[in-house]
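User: Hey, I've got a structure to look at for class and I'm not sure where to start. Can we go through it together?

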Amino acid sequence: MRIVEAGSSQNMSSPALPPLASLRAFEAIARFGSVKLASESLNLTPSAISHQLRALEAHFGVQLVERNGRSIALTESGAVYAAAVLNAFNELFRASDILGVRKRDRVVRVSVTPTFAMLAALPHLERFRKASSNLDLRLEARNTTVDFAKDDIDAAVQLGTPPVPGLIFHRLLRSRVAPCAAPNFLERFGPISTVKDLSRLPLIEYSTVPNSWRSWLQVNDPDLSSVEPELLGDSLLTGLQMARSGMGVILAPFPLVSPMITSGALKALTHWPSFKLDSRDFYFTYRKVHETSSRIKAVHRWLKVIARDLEAESAMLGI
């Protein structure tokens with residue numbers, strides 16, 4: 001299983017790239033969720049994989065995985081890095097497909113948003129591998145809408161309002177938003193019990209959902225609907241990282257961000273009911289000609305379980 005995100009250009013001041021061996025080891029760990037399975041896939045010993053992982057973490061000075069006995073999980077930084085670094089590997093896999101080295105009938109390419117990749121897909125890749133070991137799942141993280149007429153994609157998890165001619169849609173998540181911030185931020189600026197209290201704080205908005213705070217304020221206190229956010233991120237993922245670092249309050253989408261609340265990275269302000277934003281539900285989308293595809297059905301089954309678990313987690317949080 002692989003996940004990729006459109007890479008960013010590197011300028012002259014960027015740090016040197018880490019060794020390829022470390023990147024290969026990290027790619028395998030992210031793909032299998034296991035040092036043992038990563039070592040088997042690369043024909044290396046588990047200690048060699050662990051050594052390469054430690055070297056990669058030392059290169060950046062960032063913890064990429066959390067270790068708990070024999071089990072490991074990507075940290076938030078590790079998930080973000082996995083979503084970006086594997087783009088280069090994916091291009092190599094595509095080239096191999098063209099040459100016919102890899103079996104085409106095993107590959108299924110699915111586009112997801114970077115935030116969905118980090119919070120929903122990456123933590124559960126091993127679940128898909130166990131259930132569908134005969135498939136090679138490749139997740140491509142992007143913020144842009146898939147053009148099924150042009151893009152080499154089998155399916156997508158994306159925001160939008162169906163129907164679209166020629167495509168099939170299955171709703172995965174019914175999105176709603178609630179104000180969230182880092183616990184230390186709330187301790188510094190609290191108590192926050194009214195909309196007026198909230199409006200005085202640095203508000204974070206992301207460019208992919210413009211005017212979200214204006215819509216929320218209009219419902220909860222129309223007199224404050226002219227308040228403008230002080231901070232702007234270029235994507236939801238960036239906005240969440242800003243909030244997590246204690247920069248301000250963000251209208252975060254549930255149930256997608258439930259894991260960040262459960263982990264303690266963010267705290268939800270539940271003084272107000274969650275708010276529905278138009279056209280922000282997540283849908284699993286694919287071409288009608290693939291309606292009976294066993295590969296698509298396998299991915300859909302996996303995603304439905306993830307969505308169910310996120311909804312249950314959000315319900316436990318009261319959101």
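User: What's the split of nonpolar, polar and charged residues in the lining of the largest pocket?

Analyst: The lining has 16 nonpolar residues, 7 polar ones and 4 charged ones. Keep in mind that this is a predicted model.

User: OK, and what volume does that pocket have?

Analyst: The largest pocket comes out at about 760 Å³. It is lined by 27 residues, and the ones closest to its centre are Ala73, Leu74, Thr75, Glu76 and Ala79.

User: Which element gives the most to the lining?

Analyst: That's H4, with 4 residues. Several other elements supply at least two residues each, including helix H1 (20–32), strand E3 (71–74), helix H5 (114–121) and H10.

User: Let's take H10 then. Which of its residues are buried?

Analyst: Helix H10 covers residues 236–244, and its buried residues are Leu236, Leu237, Gly239, Leu240, Met242 and Ala243. After H10 comes Gly246, which has a positive phi near 85°.

User: Why would buried residues in a helix be spaced three or four apart?

Analyst: An α-helix has 3.6 residues a turn, so residues three or four places apart point the same way. In H10, Leu236, Gly239 and Leu240 are among the buried ones.

User: What does Thr115 touch, not counting its close neighbours in sequence?

Analyst: Leaving out neighbours within four places in sequence, Thr115 is in contact with Ala120, Leu236, Leu237, Leu240 and Leu256. Thr115 sits in helix H5.

User: Is Thr115 buried or exposed?

Analyst: Thr115 is buried, because its relative accessible area is 3% and the cut-off for buried is under 20%.

User: Switching to H1. At what angle does H1 cross H3?

Analyst: The two axes cross at roughly 110° and come within 8 Å. H1 and H3 are therefore roughly perpendicular to each other. On the H1 side the contact involves Ala21, Ser22, Leu23, Ala25, Phe26 and Ile29, and on the H3 side Ile49, Gln52, Leu53, Ala55 and Leu56.

User: How many of those are nonpolar, polar or charged?

Analyst: The contact of H1 with H3 has 9 nonpolar residues, 2 polar ones and no charged ones.

User: And Glu27, is that buried or exposed?

Analyst: Glu27 is in helix H1, and it is buried, with a relative accessible area of 3%. From Glu27 to Ala38 the C-alpha distance is 8.5 Å, and the two are 11 residues apart in sequence.

User: New topic: backbone oddities. What's the peptide bond from Phe254 to Pro255 like?

Analyst: That bond is cis, with omega near 5°. Pro255 is in the loop between strand E11 (249–254) and H11.

User: Why is that worth pointing out?

Analyst: Most peptide bonds are trans, and most residues other than glycine have a negative phi.

User: Which residue has a positive phi of about 60° although it is not a glycine?

Analyst: That's Asn43, in the loop between helix H2 (35–42) and helix H3 (46–60). Asn43 is exposed, at 71% relative accessible area. Asn211 also has a positive phi, near 65°.

User: Where's Asn211, then?

Analyst: Asn211 lies in the loop between strand E9 (203–206) and helix H9 (212–220). Asn211 counts as partly exposed, with 38% relative accessibility.

Technical notes
Residues are numbered from 1 along each chain as its sequence is written. This is a predicted model: local features need pLDDT of at least 70, side-chain atom pairs count only at pLDDT 80 or more; totals for chains, interfaces and linings use all residues. Side-chain values use heavy atoms; hydrogens and water are left out. Buried means under 20% relative accessible area, exposed over 50%, partly exposed in between (1.4 Å probe, protein chains only). On a 1 Å grid over the protein atoms alone, a cavity is a set of points where a 1.4 Å probe fits but cannot get out, and a pocket is an open set with protein on both sides within 12 Å along at least five of seven lines; lining residues have an atom within 4 Å of a point. Grid points are joined across faces, edges and corners, and a volume is the space filled by probe spheres set on the points. Ala, Val, Leu, Ile, Met, Phe, Trp, Tyr, Cys and Pro count as nonpolar, Asp, Glu, Lys and Arg as charged, and the others, Gly among them, as polar. Axes are lines fitted to C-alpha atoms, for helices over the stretch in contact, and angles run from 0 to 180 degrees between N-to-C directions. Angles under 35 degrees count as roughly parallel, over 145 as roughly antiparallel, 65 to 115 as roughly perpendicular and the rest as oblique. Contact means heavy atoms within 4.5 Å.
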